[in-house]
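Subject: Structure handover

Hello,

Here is the structure you will be taking over. Please open it next to this message, and the findings follow below.

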Amino acid sequence: MEYKRKNLWLNIDENQKNDLEEISKDYINFLNTAKTERLATKEIIRRAEEKGFVNLDEKIKEGSLKAGDKVYAVNKEKAVALFLIGSEDLENGLAIVGAHTDSPRLDLKPVPLSEDTNIAYLKTHYYGGVKKYQWTTIPLELHGVIYKKDGEKVEISIGDKEDEPVFTISELLIHLSRKLMDEKARDVIKGEQLQIIVGSIPLDKDSENPVKKNILKILNEKYGIIEEDFITAEFEAVPAIKARNAGLDNSMIIAHGQDDRVCSYATLNAILSMENSKKTLVALFVDKEEIGSYGATGMSSQFLENTILELLNLKGKADLISFKRTLKNSKVLSADVTLAYDPNFKDVSEIDNAAQFGCGVALTKYTGSGGKGGSNDANAEYLQEVRAAFDKNNVIYQTGELGAVDAGGGGTIAFILAEYCMDVVDCGTPVISMHAPTELVSKADLYSTVEAYKSFYQNI
Ligand code: MN
Ligand code: MN
């Protein structure tokens, strides 16, 4: 009669434990490759192609689409959608699991290079919600694309290989921090102080900004770029810290960007394990969630609508009524992380409703802040459908809440998909230290997330 969360570790057999370890290893590899939304998109496509997915453009050229076809559509190298075409009409609705591949980080400014007193810097503008003081004194690596004046594109990654240098941001020594220690946490490191140290050797003894000039010389020799090229570049600095096992019992994974690459991975794993389906299955990986889902590669863009219309067109049904029916009959899991109850910070959660570490993926009826503000707030009827789908495969899951009432809050892509009258509910992995340079996830919860998304695809 009573509701009690189940701890996965106590409720899985040896076979499931082996699966859990396999999935965790594969997930760690995924994290160490998919460090930005661009790299994640590339890796998702690579894995999808391995499993027989083809670019939708090829199907458009052929002019046909049939049940069992596996296709993907890419949006500007930063978002991707995978479709396993079902045997039913698209108008019966799609089964969509939607995650985001962007994570909090530091982006280089368009004119990033500067020099002050024998040190050259790269100026940044932080992306997403970060505690700025957490980003000093850790090793950072750079990933990005830059265009030369003639239009040639250069892709650059520095710092993720052992023999490559890393970068860092300085911190004030404790000896001289008497005044700083009394500052508010948000002012301890100011936004403009998030300057990445990039070099310290002068080019010569006479010129102005000799260290910066030396850095430009190195960049030009290595990549053929000049300072002006940064204007048409996108560079992201992320922690140069490899994803790895955590805990003496190896029960957890520590890594940057698990919001939301843990759900991205689980979504990918789930759809790649499907072969046939009645409903058309969709795995959606979008960008820009951390800054409000705006922009052409965020959930607010019409990428999904455009792609669904292409599918309907290939089926000879690209009329408005078929399109609207397809959207409104679709069912969605908004695959985004939630907070795991952290005994170190008890006040911000309410223990009966917060997701607990190791007790599985969290089904979260509402998010938002200040009285569910900005939240999708799923219907009871739909929650029941999802519960039945999970129960059918004996998925161990739990309920979650994004913090105690009025403790703060946050949002996901759920409300944007709900605009089509789709049924949507948030369902993602509990995370400790969310948005910090490294975040912590339980392997049990990762495993449960994969199982939940699979059962959604199979049973919804
Ligand atoms: Mn997220
Ligand atoms: Mn987030």
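How many aromatic pairs does a search of the whole structure find? The search finds five, where rings of Phe, Tyr and Trp (its six-membered ring) pair if their centres lie within 6.5 Å, with planes under 30 degrees apart called stacked, over 60 edge-to-face and the rest tilted. Before the details, some conventions. This is a predicted model, in which local features need pLDDT of at least 70 and side-chain atom pairs count only at pLDDT 80 or more, while totals for chains, interfaces and linings use all residues. Residues are numbered from 1 along each chain as its sequence is written, chains are lettered from A and ligands numbered from 1 in the order in which they are written, and side-chain values use heavy atoms, with hydrogens and water left out.

Rings

One of the aromatic pairs is F230 with F235, which is tilted, at 5.9 Å centre to centre and 45° between the planes. F230 has 6% relative accessibility and counts as buried; the terms are buried for under 20% relative accessible area, exposed for over 50% and partly exposed in between (1.4 Å probe, protein chains only). F235 is buried as well, at 6%. Elsewhere, ring pairs link Y27, F30 and Y265 into a cluster.

Two charges sit over rings, meaning that NZ of Lys or CZ of Arg is within 6 Å of the ring centre and within 35 degrees of the ring normal. The charged end of R105 is 3.5 Å from the centre of the Y127 ring. K372 lies over the face of Y366, 4.2 Å from the ring centre.

Metal site

Donors here are N, O and S atoms within 2.8 Å of the metal (3.2 Å for Na, K and Ca), and water is not among the atoms, so sites may look incomplete. The manganese ion (ligand 1) is coordinated by H100 through NE2, by D259 through OD and twice by D336 through OD, at 2.1 to 2.6 Å. Along the chain these donors follow the spacing H-x158-D-x76-D. D259 is in helix α6 (residues 258–272) and D336 is in the loop between β14 (331–334) and β15 (338–339), so this pair links parts of the chain that are 77 residues apart; helices (H or I, at least four residues) and strands (E, at least two) are DSSP runs, numbered from the N terminus. D259 is buried at 3% relative accessibility, and D336 is buried at 7%.

The manganese ion (ligand 2) is coordinated by D259 (OD), twice by E290 (OE) and by H435 (NE2), at 2.1 to 2.5 Å. H435 lies in the loop between β21 (430–431) and β22 (439–442) and D259 in helix α6, so the two tie together parts that are 176 residues apart in sequence. H435 is buried, as is D259. The two manganese ions are 3.3 Å apart, and D259 coordinates both.

Strands

Two strands pair if DSSP finds at least two bridges between them. Strand β5 (residues 105–116) and strand β6 (residues 119–127) are antiparallel, with eight bridges. Their hairpin has two residues between the strands, and T117 takes a positive phi near 50°. D116 stands opposite I119 in β6. β5 is also joined to β10 by two antiparallel bridges, with D107 opposite E236.

Strand β7 (residues 140–147) runs antiparallel to β8, with six bridges between them. Y147 has K153 in β8 as its bridge partner. Five residues separate β7 and β8 in this hairpin, and G151 in the turn has a positive phi of about 95°. On β8 (residues 153–158), V154, I156 and I158 form the covered face, and K153, E155 and S157 the uncovered one.

Empty space

On a 1 Å grid over the protein atoms alone, a cavity is a set of points where a 1.4 Å probe fits but cannot get out, and a pocket is an open set with protein on both sides within 12 Å along at least five of seven lines; lining residues have an atom within 4 Å of a point. Grid points are joined across faces, edges and corners, and a volume is the space filled by probe spheres set on the points.

The whole structure has one cavity of 30 Å³ or more, and the largest cavity holds about 90 Å³. Its lining includes L31, V238 and R261. The largest pocket holds about 1100 Å³. It is lined by 35 residues, and the closest to its centre are L339, L402, G409, M434 and H435.

Regards
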